[in-house]
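Visitor: Could you give me a close look at one part of this protein, and then show me how it sits in the rest?

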Amino acid sequence: MFVGHYAAALAGKAIEPKAPLWALVAGCQLVDIGWGVFVIAGIERAHVDRSLGGFPAVLEYMPYTHSLPAAVLWALGAMLLAKLLLRLPWNASAVIGAVVFSHWPLDLLVHRPDLELWFGGQKVGFALWDQPVLEQAVEMGLFGVTGAWWAASRAKLGRTIWPALMLLTLYTALQIAALPGPPADTNLAMGGGALFAYAVAIVIALFVDRDGARRSI
Ligand SMILES: [Zn+2]
């Protein structure tokens, strides 16, 4: 799942306009950003298997980023960082924490059983990755609906909906570019490719919401 995760960021922005869009966008992929760093460092392990029917990643070991207790800890950490470093109100910080946690249930939908319920415990995943058309429909559906929700919330505040339209278009282009999966079967290609895509998404969020960043609404 790529663009589907951003549905949580857009819902968060619609619910709490004081939360900066870039922080929500970084937050919804925060555990994957950690995963990219850990895979490059050899702390977590993954490889590419092109013989799989759908998305070709095999994620054999990732307890520090994608186990359920790890997701809770990343979310709590992000909430505290939002409060202490970004000096956001508790409401906005809690929304960022919730958006960070949303990564796990959304991954649960699409991953093959590779998400630990506890450290070293049973692995779960509903494997929508094996049905790529349905998986893309779910992702794009979630993304489209929450994008419309964010646009409507901007209109209600008397603001233009152009940023929402721009973000929806640019992220859809990113999603299409990411469709073939990891570029190569090396730790650097897998982790680095993911980190590059997430960085582009954050830059786009900073660009489309730069008036919001200034006014913090
Ligand atoms: Zn993930």
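Guide: Sure, let's start with some words for angles: under 35 degrees counts as roughly parallel, over 145 as roughly antiparallel, 65 to 115 as roughly perpendicular, and the rest as oblique. Those angles run from 0 to 180 degrees between N-to-C directions, and the axes are lines fitted to C-alpha atoms, for helices over the stretch in contact. What you're looking at is a predicted model, where local features need pLDDT of at least 70 and side-chain atom pairs count only at pLDDT 80 or more, while totals for chains, interfaces and linings use all residues. Residues are numbered from 1 along each chain as its sequence is written.

Our close-up is helix H1, residues 3-15. (Helices, H or I with at least four residues, and strands, E with at least two, are DSSP runs numbered from the N terminus.) H1 packs with H6 at an angle of about 155°, and their axes are 9 Å apart. The two helices are therefore roughly antiparallel to each other. Which residues make that contact? On the H1 side there are Gly-4, His-5, Ala-8, Ala-9, Gly-12 and Ile-15. From H6 come Val-95, Val-99, Ser-102, His-103 and Leu-106. (Being in contact here asks for C-beta atoms, placed from the backbone, within 7 Å.)

H1 has a second partner in H2: those two pack at about 145°, with axes 8 Å apart. This time His-5, Tyr-6, Ala-8, Ala-9, Gly-12 and Lys-13 of H1 meet Leu-21, Leu-24, Val-25, Gly-27 and Cys-28 of H2. Put the two lists next to each other and you'll spot His-5, Ala-8, Ala-9 and Gly-12 facing H6 and also H2.

Now follow both partners into the rest of the protein. H2, residues 21-28, is among the elements that the buried residues of H3 pack against. (Buried means 20 or more other C-beta atoms within 10 Å of a residue's own, exposed means 12 or fewer, and partly exposed is in between; C-beta atoms are placed from the backbone.) H3's buried residues are Leu-30, Val-31, Asp-32, Trp-35, Gly-36, Phe-38 and Val-39. Besides H2, their packing partners are strand E1 (45-48), H4 (63-66), H5 (68-84), H6 (90-110) and H9 (187-208). Just past H3 sits Gly-42, with a positive phi of about 80°.

H5 shows up in that list, and its own buried residues are Ala-70, Ala-71, Trp-74, Ala-75, Ala-78, Met-79 and Ala-82. They pack against H2, H3, H4 and H6.

Back to H6, where you'll find Trp-104. It counts as buried because it has 20 other C-beta atoms within 10 Å. Skipping residues up to four places away in sequence, Trp-104 touches Leu-68, Ala-71 and Leu-115. Trp-104 and Val-72 are 32 residues apart in sequence, yet their C-alpha atoms are 9.0 Å apart in space.

H9 has a contrast to offer. Leu-188 lies in H9 and is exposed, because it has 11 other C-beta atoms within 10 Å. The C-alpha atoms of Leu-188 and Trp-74 are 23 Å apart, with their places 114 residues apart along the chain.

What about the loops? Most residues other than glycine have a negative phi. Arg-87 isn't a glycine, but its phi is positive, about 55°. Arg-87 sits in the loop between H5 and H6, and it's exposed, with 10 other C-beta atoms within 10 Å. Ala-127 also has a positive phi, near 65°. Ala-127 is in the loop between strand E4 (123-124) and helix H7 (132-156), and it's partly exposed, with 16 other C-beta atoms within 10 Å.

Finally, let's zoom out. The protein has ten helices and four strands, running α-α-α-β-β-α-α-α-β-β-α-α-α-α from the N terminus on. Along its principal axes, the C-alpha trace spans about 50 × 35 × 25 Å. Of its 217 residues, 43% are buried. And among contacts between residues at least 6 apart in sequence, 64% join residues at least 24 apart.
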